[in-house]
Structures are given as structure tokens and as C-alpha cells.
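Visitor: I am new to reading protein models. Please take me closely through a single part, the nonpolar core and what surrounds it.

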Amino acid sequence: MDYQVRSLSKACSVTGEPLTPGTLCYSVLIDHQGALERRDISAAAWTGPPEGTIGVWQRIVPTPKEIKASQLDPREMFPYFEQLVEEAQPAREKLLYVLALFLLQKRKLQLEGSRRDGEIEYLQLSAADGGGTYEVRDQQLTGAEVSALQQELSKSMASEWAA
């Protein structure tokens, strides 16, 4: 069984204060009205596990530069993907392609097939929740290009997380 638990919050769920990079925080998983809910609590506000806690762990709040592609939340990335599709900017096509691959890997998108238009191949994708269909140009990228674009994507999201 897969459980979907969101990533670390930007703010303490008790005080509403921002979680400061480099500080200790506690994360708890709670059964709230039959649904799993994650709450992140600053060390200063921690008084012990809240009622209904299933699990608790602690971590150091990462600095934006520590956020990696593997830590990106596909639920947060999907709206960005849709935005890039709508903008249809040629300069962003490679980033769109890498984001599509990431969402395919995380099962937020499904590959329905592909189509050719002359020498250009397009991936035909659909949202896993049935929300929409998309076409993304296959960029034929090398491994190094994919890695560089993943880093760009991570930096972009890290700066948004820090904002």
C-alpha cells in the first residue's frame, strides 16, 4: 500500500513561524479523521507527540541548496509542469521534458504513446488522476544534459521554498 505524505512544511504547525534552515524540527504523522496528516513542529514549540500520533521523527531543516530532485514533491511539481505546457516557450522545452520524465517516474503522469511530426517525436502523456492530456517534445537529451536540467529545476524549487 502506498501512502502519500507531503514534504517538510515551511512553517511550524503550532506557532505558524517559519522553520529556519539549520534548526531542529520534529515531524509527526497523525491519524486525523481517518486520514494521514503530517505536521512539522519547531524544537521551541515541541511539547511531545500530539494525540493520535502514529510516528514521530526529527530532522534538521535543510537549507535551500540541500534540496535535491529526489526531495521534490511531485504534487507540488505538477502545477509547474502544467504552467510550462501552457506557456509553450521554446527556451523552456528541455526543462519541460525533464519535468515530464520526473512526473512519469513519480507516477503523476502516464505515457499513452508517442507521435511523429516529420523528424520530431512527441510523448503523449495523461495525468494519472485523469485530469488532462499533454504532448511534450522528446528532446533526445544526453545524461549530462538531463542532470544539468535536474539541478536547474532543484535550484528553482529551492529558491521558491526559501521565499
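Guide: What follows goes from the whole chain to the core, then to the sheet beside it, and ends with one buried serine.

This is a predicted model, in which local features need pLDDT of at least 70 and side-chain atom pairs count only at pLDDT 80 or more, while totals for chains, interfaces and linings use all residues. Residues are numbered from 1 along each chain as its sequence is written, and side-chain values use heavy atoms, with hydrogens and water left out.

The protein has three helices and six strands; helices (H or I, at least four residues) and strands (E, at least two) are DSSP runs numbered from the N terminus. Their order from the N terminus is β-β-β-α-α-β-β-β-α. Of the 163 residues, 33% are buried, where buried means under 20% relative accessible area, exposed over 50%, and partly exposed in between (1.4 Å probe, protein chains only).

Now the core. A nonpolar core is a set of buried Ala, Val, Leu, Ile, Met, Phe, Trp, Tyr and Cys residues joined through side-chain atoms within 4.5 Å. The largest one holds 24 residues, and the members that touch the most others are Met77, Phe81, Leu99, Leu103, Leu109 and Leu125. Two or more residues each come from α1 (74-87), α2 (93-105), β5 (120-127), β6 (133-137) and α3 (143-162). α2 gives the largest share, eight residues.

In α2, the buried residues are Leu95, Leu96, Tyr97, Val98, Leu99, Ala100, Phe102 and Leu103. Take Leu99 as an example: apart from neighbours within four places in sequence, Leu99 is in contact (heavy atoms within 4.5 Å) with Met77, Tyr80, Phe81, Leu84 and Leu153. The length of α2 can be checked as well. The expected span of a helix is 1.5 Å times one less than its number of residues, so the 13 residues of α2 should span 18 Å, and the end C-alpha atoms are indeed 18 Å apart. Just after α2, Arg107 has a positive phi of about 65°.

There is also a second, separate core of nine residues, including Cys12, Ile30, Ile41 and Ala45.

Next, the sheet. Three strands form an open, antiparallel sheet in the order β4-β5-β6; two strands pair if DSSP finds at least two bridges between them. β4 (109-117) and β6 are the edge strands with a single partner each, so one side of each has no neighbour in the sheet. From one strand to the next the twist averages 25°. Eight bridges pair β4 with β5, and five join β5 to β6. Ser126 appears in both pairings: Ser126 is the bridge partner of Gln110, and Ser126 also stands opposite Thr133 in β6. β4 and β5 make a hairpin with two residues between them, and Gly118 in the turn has a positive phi of about 70°. Across β4, β5 and β6 lies α1, at about 70° to β6; axes are lines fitted to C-alpha atoms, for helices over the stretch in contact, and angles run from 0 to 180 degrees between N-to-C directions.

Last, the serine. Ser27 sits in strand β1 (residues 24-32) and is buried, with a relative accessible area of 0%. Not counting residues up to four places away in sequence, Ser27 touches Leu8, Arg38, Arg39, Asp40, Gly55, Val56 and Trp57.
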